[in-house]
2 protein chains.
Amino acid sequence: MPVTIHDVAQRAQVSASTVSRALSASHLVRGTTRERVLAAAKELGYQPNPAARSLITGRTGNIGIVVPDLNNPFYTGVLRGVQARARQGGYAVFFADGEEDPVAEEALVRAMSRQVDGVVMCAPFASDAQLRSLAGVTSLTLLNRRLRDIPAALMDSAGGMRQVVDHLAALGHHRCAYLNGPNNAWSNRERRRGLRVAAARAHLTVVEFGPFEPKFEGGVQAADLALADGVTAIIAYNDLMALGVLSRLADRGVPVPQEMSVVGFDNLLYAAVCAPPLTTVAMPMEAGGRAAVDLLLAGIDGADDGAGPHRELTTNLIVRATTAAARPHSVSDASRPGDRPGVRG
Amino acid sequence: MPVTIHDVAQRAQVSASTVSRALSASHLVRGTTRERVLAAAKELGYQPNPAARSLITGRTGNIGIVVPDLNNPFYTGVLRGVQARARQGGYAVFFADGEEDPVAEEALVRAMSRQVDGVVMCAPFASDAQLRSLAGVTSLTLLNRRLRDIPAALMDSAGGMRQVVDHLAALGHHRCAYLNGPNNAWSNRERRRGLRVAAARAHLTVVEFGPFEPKFEGGVQAADLALADGVTAIIAYNDLMALGVLSRLADRGVPVPQEMSVVGFDNLLYAAVCAPPLTTVAMPMEAGGRAAVDLLLAGIDGADDGAGPHRELTTNLIVRATTAAARPHSVSDASRPGDRPGVRG
DNA sequence: CGGCGCTACGCAAACCATTGCAGAGGGTGT
DNA sequence: ACACCCTCTGCAATGGTTTGCGTAGCGCCG
C-alpha cells in the first residue's frame, strides 16, 4: 500500500537508483531528470521508508533523551530544547522517563540504543561507571554531569552560587543556611562546592542541612531546621524546596524577606508567580537541551571531536522579592560560630 | 560490529531461522535447541535490529505522542502515563511538541507516521477535518477530544463541573463567574457546556468572561473583570488561570475564600502547595495517557474495534481552602443582575 | 578518425530479520 | 516392513533503500 521508491522510479521512467540519488546526492543526476523524479515523488506523496534506509545506512535519524523525572519542570524545559534542536537537525526524538531509578535508566538506554544514533542523558544519580558503559553502546552526551571524555552541556551552578553569595553578602547577611538536595545528585555537589568557595571569599558563614528530598515537602521539613539555627538567609537546592520553605515560613508567621531571605535555584515558572516572587538563579534549561543535542550531533555527523568537549552555559541570579537586607541583630548570630555542626566557608 | 542473528546462529550451531524462532515463536523449536540459542544470544549480547525487523513485519514497535505545550504540567502528566503504558506493552515512544501550532502538529504527525505504529494526539486546537485526515495516514487516538469513529480517552469535564456547581451551590453561592480558556479549545467548550447545564439545574447564575490565555497572566487579567461584576465565586478554565486569579485577588486585598471563592481545573502540583491551597477538579492525567495508549494498542494489535471506542475517565473535585460559604449579602447580588460597579466587601 | 575521459544512469549486492515451504529424521500404526 | 505423520530445522524469498561498479553515450583532443 505505501508508495515505494520503485513506484516513483516507474512513474519517472528511471531506475530506483536514480530516484535515490535524485533525492539525496542531487548533483549525480541531470537537472531535467531530477526534476522529473522530484515531480513524480511529490505527486505520489513518496516518503522513504526509514527502516529500509536505516538498515543500509546504519543510521536512524533519531536521538533519545532520558530524564529522571518528568514531573520536574526543569526537565521538561530541557526536553523542549532538545526537541527543538533535534527537529531543526532533522532528527526525531525518543523519550524515556527513568523515574529516578538508575537501573531503569540504563535499561531504557540500552533498549533505545538500536533505534537511535545517540542519546542525551540527564542522569544525576547514575554512577560514573554506568555512564561510561552506556557510552560504549551508543553515542552519549550528558547534561549537568561532568565526566572525562564524555561530551556534556553544563550549567554553571557554581557561578550562580557565587552570584547568590555576593547578593546576600551585599545585603549584609553573615550567616546563611544551605539546604542540600540529594547527596548523590551531581548538581547538588556542584552547587555546594560553588557555595563553599564563594562563601569563603565573601566571609559568609554557611550552615548546611540535609540532604532532603528536592521537593516541596523537603523544603517544608528543612525550613524549621534553618529557622532554629538563627540564620538570616536560606539557600535552597532548588525552587521546589524553596517554595516549601516559603510555605512553611508563612505558616510559622516569619515574614519574608524581612525576617528571612530565601533563594532558590532553577527559575521555574512558579518561582515568578508565587507570593512573594522568589529570588532564584535561572538555569538555561532549553539552551542546555539544545547545547546537548549540538554536541551529540557533532559527535555523530562530524568527525568525533573526541576528548569529550564540554560546553558550559552561564546562569543568572534573578532578584525578586524574597531577599532583602539582613535584619539588624543578625550580626550577633554571625559572631556565634561554634554552635552548630554545620560547615563554615 | 553489532552482532547479528547469524552470529548467534553460528555460535549455537543452527540456522538463522531457528534463532529467530527460538526468540519469538519458542514452541516451534526443541527445548534443548532453544536453550542453546538463548545462551548464545545472551553471551553475544544479541539485540535484534529493529529496522530489519520492522522492514519485514511492517511494524515498528513505536508509538508517537504529540502535545501542544510541554510547559503545561497537564501534558507532562499525560506523557508520563503514555510512556508507562507504552513501555509495559513493549513499545517505545516518540515525542513531539507541537508548540500550540496545529499546522506544526500535523507536520509532526506526518513525519512520525513512517516510524510509528500509531500516535496519540492531544490536539485541542486542530480542526476536525485535520484530525480525520491524520487518522488516514496512521493509527490515531485522541485525548480529550471527541470525534466520531476515532478512538479517544476522554476526561469527564462536564461531570467535574457538575461537582463544582453542587459544591458552590451548597455553600450558598448564587452568582459566579466562569473564566473561559481559548474558545477553540475543545475542553473549554466542554467545561462550559457542563457548567451551563449544571448551573441551570442548581439555579446558579453564571456570568462568563473571556476567552483568555489559559495561563497565569490570563487569570490575573480576568480577576479584575470578575471582581467588578460582584460574583462571589470564580471558576477558572484551569489551575494556571486560577493561580493568576489568586495572585491578583491577594494584590487587591480581597481575602480568599472569605470574600471570594476560587475553583480551578486540573489539580496541578502547585494547586496543592500554593497559599491558600486551591480547590480544583482533579483530571486523571496519567490515567488518561494510559487509557489512550490502551485504545491505540487495541486498535493496532487486536482486530480494530472500529466505530471509535471512547473511554471516559471520571474526574473528582478536590476541596481545599479557596472555597467557603458565600458572604451573606451575596444573595442580594444575585437579585440585582444588571449592576456593574464592582467590588463590595 | 580513433582513443580517452567524463557524465549520467542502471544492475545487483548488501543490510538483517522473518516466514512459507520443504525436507529430514524418527516414531507409530497397520 | 512399509507408509504415514509429526516434529524440528534449513533454504530461500521478502521487504525498501543505498551504493559500488559497470557501461553507454558523448565530447574532446590528438
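Let's start with two helices of chain B: H5(B) and H13(B) lie oblique to each other, a label for angles that are not under 35 degrees (roughly parallel), over 145 (roughly antiparallel) or 65 to 115 (roughly perpendicular). Helix H5 covers residues 73–88 and helix H13 residues 285–301 of chain B, and they pack at an angle of about 45° with their axes 7 Å apart. Axes here are lines fitted to C-alpha atoms, for helices over the stretch in contact, and angles run from 0 to 180 degrees between N-to-C directions. Helices (H or I, at least four residues) and strands (E, at least two) are DSSP runs, numbered from the N terminus.

Before going on, a word on the source: this is a predicted model, in which local features need pLDDT of at least 70, side-chain atom pairs count only at pLDDT 80 or more, and totals for chains, interfaces and linings use all residues. Residues are numbered from 1 along each chain as its sequence is written, while chains are lettered from A and ligands numbered from 1 in the order in which they are written.

Back to the helix pair. The crossing of H5(B) and H13(B) is right-handed, meaning that the near helix is turned clockwise from the far one by less than a right angle; anticlockwise would be left-handed. On the H5(B) side the residues that meet H13(B) include B:Phe74, B:Gly77 and B:Val78, and among their counterparts in H13(B) are B:Met285, B:Gly288 and B:Val293. Contact is judged by C-beta atoms, placed from the backbone, that lie within 7 Å. Sorted by class, this helix contact has ten nonpolar, four polar and five charged residues. Ala, Val, Leu, Ile, Met, Phe, Trp, Tyr, Cys and Pro count as nonpolar, Asp, Glu, Lys and Arg as charged, and the others, Gly among them, as polar.

Now for the meeting of the two chains. In this interface, 33 residues of chain A are in contact with 33 residues of chain B. On the chain A side, the elements that each supply at least two residues include helix H4 (50–57), helix H5 (73–88) and strand E2 (92–97). E2(A) gives the largest share of that side, six residues. By class, the side of chain A that touches chain B has 22 nonpolar, eight polar and three charged residues.

E2(A) deserves a closer look. Three bridges join E2(A) to strand E2 (residues 92–97) of chain B, and the two run antiparallel; strands count as paired if DSSP finds at least two bridges between them. In this pairing, A:Phe95 stands opposite B:Val93. Within chain A, strand E1 (residues 62–67) and E2(A) pair in the parallel sense over six bridges, with A:Asp97 as the bridge partner of A:Val67. Six of the six residues of E2(A) are buried. A residue is buried if 20 or more other C-beta atoms lie within 10 Å of its own, exposed if 12 or fewer, and partly exposed in between, with C-beta atoms placed from the backbone. Both faces are covered, with A:Ala92, A:Phe94 and A:Ala96 on one side and A:Val93, A:Phe95 and A:Asp97 on the other.

Step back, and you can follow an open sheet of twelve strands through both chains, in the order E11(A)-E5(A)-E4(A)-E3(A)-E1(A)-E2(A)-E2(B)-E1(B)-E3(B)-E4(B)-E5(B)-E11(B), with mixed pairing. Strand E11 (310–313) of chain A and strand E11 (310–313) of chain B stand at the edges; each has a single partner strand, so one side of each is left without a neighbour in the sheet. Neighbouring strands are turned by 25° against each other on average, direction ignored. Our earlier helix returns here: H13(B) packs on this sheet, and its direction makes about 160° with that of E4(B). Within chain A, E1(A) also runs parallel to strand E3 (residues 119–121), joined by three bridges, and A:Ile65 has A:Val120 as its bridge partner.

Chain A holds another open sheet, of six strands in the order E7-E6-E8-E9-E10-E12, again with mixed pairing. Strand E10 (residues 279–282) and E12(A) run antiparallel, joined by three bridges, and A:Ala282 is partnered by A:Asn316. Helix H9 (residues 186–202) of chain A packs on the sheet, its direction at about 160° to that of E7(A). Helix H10 (residues 216–229) of chain A does so too, at about 155° to E6(A).

Definitions and conventions
Contact = placed C-beta atoms within 7 Å.
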